[in-house]
Amino acid sequence: MRELTLNMTDITKVYSTEDMDTHALRGIDLEIYKGDFVSICGPSGCGKSTLLSLLGLLDMPTSGKYFIGGTDVSHLNLSEAAYIRNEKIGFIFQSFNLIDELSVFDNIALPLRYRRNKVSEKDIEKKVTECLQIVDMTHRAQHKPNQLSGGQQQRIAIARALVGNPALLLVDEPTGNLDSRNGDAVMEMLQQLNANGTTLCMVTHDPRYADMAGRKLHLLDGKIIDSQTL
Ligand SMILES: Nc1ncnc2c1ncn2[C@@H]1O[C@H](COP(=O)(O)OP(=O)(O)OP(=O)(O)O)[C@@H](O)[C@H]1O
Ligand SMILES: [Mg+2]
């Protein structure tokens, strides 16, 4: 039987500001199984990033239920959310979000250094080296992010997302800041990770990349209007 990584039922998200309420998500039902590769597409403003931030516990839903691996994560406080995020979830964003003051090595090591159960420097070294190899960036370990090309920076961001062996990898427009050659390379890398067992959920505007997933969700006005198995 397939193992359920996460499930959402009837999730809504309302952003309230002084003058208006924005219903960013209006009743999302979603199940993601171990090893899945799910892509999410839809027009600007339809709720893709909102859904990803709820999946990644960067924000909490207004209503509905969300479980990760059987644990109810629908209403966590900030520190509980940070703990589960650090243990279980990796993020890759359009804008890389690397820290320019830190070396490539230390950027990748960061999630491990924030672990509640301390990871030894020896284990950190081993894990970071392994991830540098996966993204083929070993020769740049001591560089700073701003000394790298965009495609190389995104590969470092992928290594950082992988270093904690996340149960779920969340990816928001990973190729948005890259030319098509580097974009294709990043997508090939993500596909390879999925082939090796990583569970992936990716937002993209690019139909070619959306079609690389095993399941394609179409979001419109905060609802999943179509789910297509590819
Ligand atoms: N912090 C916030 N406060 C108020 N409204 C917000 C906030 N974040 C997002 N929204 C609104 O929620 C809706 C969904 O936004 P979201 O960022 O999820 O869209 P998206 O599908 O990722 O769009 P894009 O393709 O442009 O990145 C939009 O109408 C947006 O303006
Ligand atoms: Mg977005």
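**Exercise 1.** State which residues surround ligand 1, and how the shell divides into nonpolar, polar and charged residues.

*Solution.* This is a predicted model, in which local features need pLDDT of at least 70, side-chain atom pairs count only at pLDDT 80 or more, and totals for chains, interfaces and linings use all residues. Residues are numbered from 1 along each chain as its sequence is written, while chains are lettered from A and ligands numbered from 1 in the order in which they are written.

Step 1. Ligand 1 is surrounded by Tyr15, Thr17, Thr22, Ala24, Ser44, Gly45, Cys46, Gly47, Lys48, Ser49 and Thr50 (C-beta atom, placed from the backbone, within 6 Å of the ligand).

Step 2. The shell around ligand 1 holds 3 nonpolar, 7 polar and 1 charged residues; Ala, Val, Leu, Ile, Met, Phe, Trp, Tyr, Cys and Pro count as nonpolar, Asp, Glu, Lys and Arg as charged, and the others, Gly among them, as polar.

Step 3. Helix 1 (48-55) and strand 2 (21-33) each supply at least two shell residues (helices are DSSP runs of H or I with at least four residues, strands of E with at least two, numbered from the N terminus). Helix 1 gives the largest share, 3 residues.

**Exercise 2.** Determine whether the residues of strand 7 are buried or exposed, and which strands pair with strand 7.

*Solution.* Step 1. In strand 7 (residues 168-172), 5 of 5 residues are buried (20 or more other C-beta atoms within 10 Å of a residue's own, against 12 or fewer for exposed and in between for partly exposed; C-beta atoms are placed from the backbone).

Step 2. Strand 7 runs parallel to strand 6 (residues 89-92), joined by 4 bridges, and parallel to strand 8 (residues 200-203), also by 4 bridges; pairing requires at least two DSSP bridges.
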